[in-house]
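Let's take a walk through a protein model together. Have the sequence and the 3D view ready, and follow along.

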Amino acid sequence: MKDRFLLFIQHIGDHTDQEDHSKQDCRPSDKSMKINAGNIQNVGWEISLDAVPLLTNHFKWKTEVNFSTNRNKIISLHEALKEFLYGPTSFSSSYAMKLVKGGSIGDIYGKAFVRDDVGNIVYGTEGDNTGMPLVEGDGNTVKVGNANPKLMLGWNHMLSYKNFSFYFLVDCRFGGDILSQTQADMDMYGVSEVTARARDKGYVMLEGNRIDNVKGFYKNVVGGRAGVTEYYMYDATNIRLRELSVGYQLPAAWMEKTKVLKRAQLSFSGRNLFFFYKKAPFDPDLVLSTGNDNQGIEVYGMPTTRSWGFSLKCEF
């Protein structure tokens, strides 16, 4: 059993001072100055296990599991900053990425439904709002989610038997939220599958409540970049087959006959093949940016692709 199992555990814990280019307390000749904008606490774990559960003269099964999780909390901000907006500010948007004391990096703010003390949506009773859900958060002031996953898990397997090899990787993400601005815009214009079904039925169901004004609901309440951010937030949890490959190493006797090749291997591979489980109606990897300011945001992104490949590797 020597060298058949390897366990790695790492604990991550630190405080980070965030730097900001601010106009606070600048000299008249300066456009901005650097200040310590806040203190952020990070706590996380990474655990990795490598194992060879089965090993014989002709067969080997090698597997690796990697688990990681991280939490962050904004302990404090500069006294001149009630909040720090680090997301997009130059175009119309139904969301904002903000740092707020007590919150976390990755928090997404926007508009949300007004709710009563037990969490039920409150509906209008007068004028044009009759039967429509009430909305709060003008200026993107209500926290509607966080882009960061609660934990990540990767599990790969390599099986080899004589000249054959088989490899696959299962990728798992649990938790985190993602906003679909694409769905919001399509719903506002009435060109999505969801709005088509609603028109055919003649009503929309919202948390058990029937809304008969389908057009008004999508066009004037939830849809578009001025709509209800909360309505288009999805759970980013997903489990997928990230990679798969099958290989065959040509027999050594064949290589000797060529008098040129020492080794040759044929391989067939695929990537991003399918989901075992997915809660969002699109691939949660499809985000506007991998930068801190636009994680968890989907805006007219190109669909993610499934790829297949074939290779021949030769050693002379």
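Which residues does threonine 195 touch, not counting residues up to four places away in sequence? The answer is Asp187, Gly190 and Tyr218, where touching, or contact, means heavy atoms within 4.5 Å. Threonine 195 sits in helix α2 (residues 193-201). With a relative accessible area of 1%, threonine 195 is buried. Here buried means under 20% relative accessible area, exposed means over 50%, and partly exposed is in between (1.4 Å probe, protein chains only). Helices (H or I, at least four residues) and strands (E, at least two) are DSSP runs, numbered from the N terminus.

A quick word on the ground rules. This is a predicted model, in which local features need pLDDT of at least 70 and side-chain atom pairs count only at pLDDT 80 or more, while totals for chains, interfaces and linings use all residues. Residues are numbered from 1 along each chain as its sequence is written, and side-chain values use heavy atoms, with hydrogens and water left out.

**Helix α3**

Tyr218, one of the contacts of threonine 195, is also one of the buried residues of helix α3 (residues 214-222). The others on that list are Val214, Gly216, Phe217, Val221 and Val222. What covers them? The cover of the buried α3 residues includes the helices α1 and α2, along with β7 (112-113), β8 (135-136), β13 (204-206) and β14 (209-211). After α3 comes glycine 224, and its phi is positive, near 75°.

**The cavity**

Rolling a probe the size of a water molecule over the atoms shows where empty space is left. On a 1 Å grid over the protein atoms alone, a cavity is a set of points where a 1.4 Å probe fits but cannot get out, and lining residues have an atom within 4 Å of a point. Grid points are joined across faces, edges and corners, and the volume is the space filled by probe spheres set on the points. The structure has 1 cavity of 30 Å³ or more, and the largest cavity holds about 30 Å³ of space.

Val222 and Gly224 turn up again here, in a lining that also includes Ser94, Gln181, Thr229 and Tyr232. Two elements, β12 (177-180) and α1 (181-189), give two or more residues to that lining. By type, the lining has 5 nonpolar, 6 polar and no charged residues. In that count, Ala, Val, Leu, Ile, Met, Phe, Trp, Tyr, Cys and Pro are nonpolar, Asp, Glu, Lys and Arg are charged, and the others, Gly among them, are polar.

**Salt bridges**

How many salt bridges does a search of the whole structure find? It finds 15, each being a side-chain nitrogen of Lys or Arg within 4 Å of a carboxyl oxygen of Asp or Glu. Here are some of them:

| Pair | N to O distance |
|---|---|
| Lysine 143 and aspartate 107 | 3.3 Å |
| Lysine 279 and aspartate 235 | 3.7 Å |
| Arginine 271 and glutamate 243 | 2.6 Å |

Arginine 271 lies in strand β17 and glutamate 243 in strand β16 (residues 238-249), so this pair ties together parts that are 28 residues apart in sequence. Arginine 271 is partly exposed at 39% relative accessibility, and glutamate 243 is partly exposed at 28%.

In the first table row, lysine 143 is partly exposed at 46%, whereas aspartate 107 is buried at 1%.

There is also a network of salt bridges, which links Asp171, Arg240, Arg242, Asp283 and Asp285.

Notes
On a 1 Å grid over the protein atoms alone, a cavity is a set of points where a 1.4 Å probe fits but cannot get out, and a pocket is an open set with protein on both sides within 12 Å along at least five of seven lines; lining residues have an atom within 4 Å of a point.
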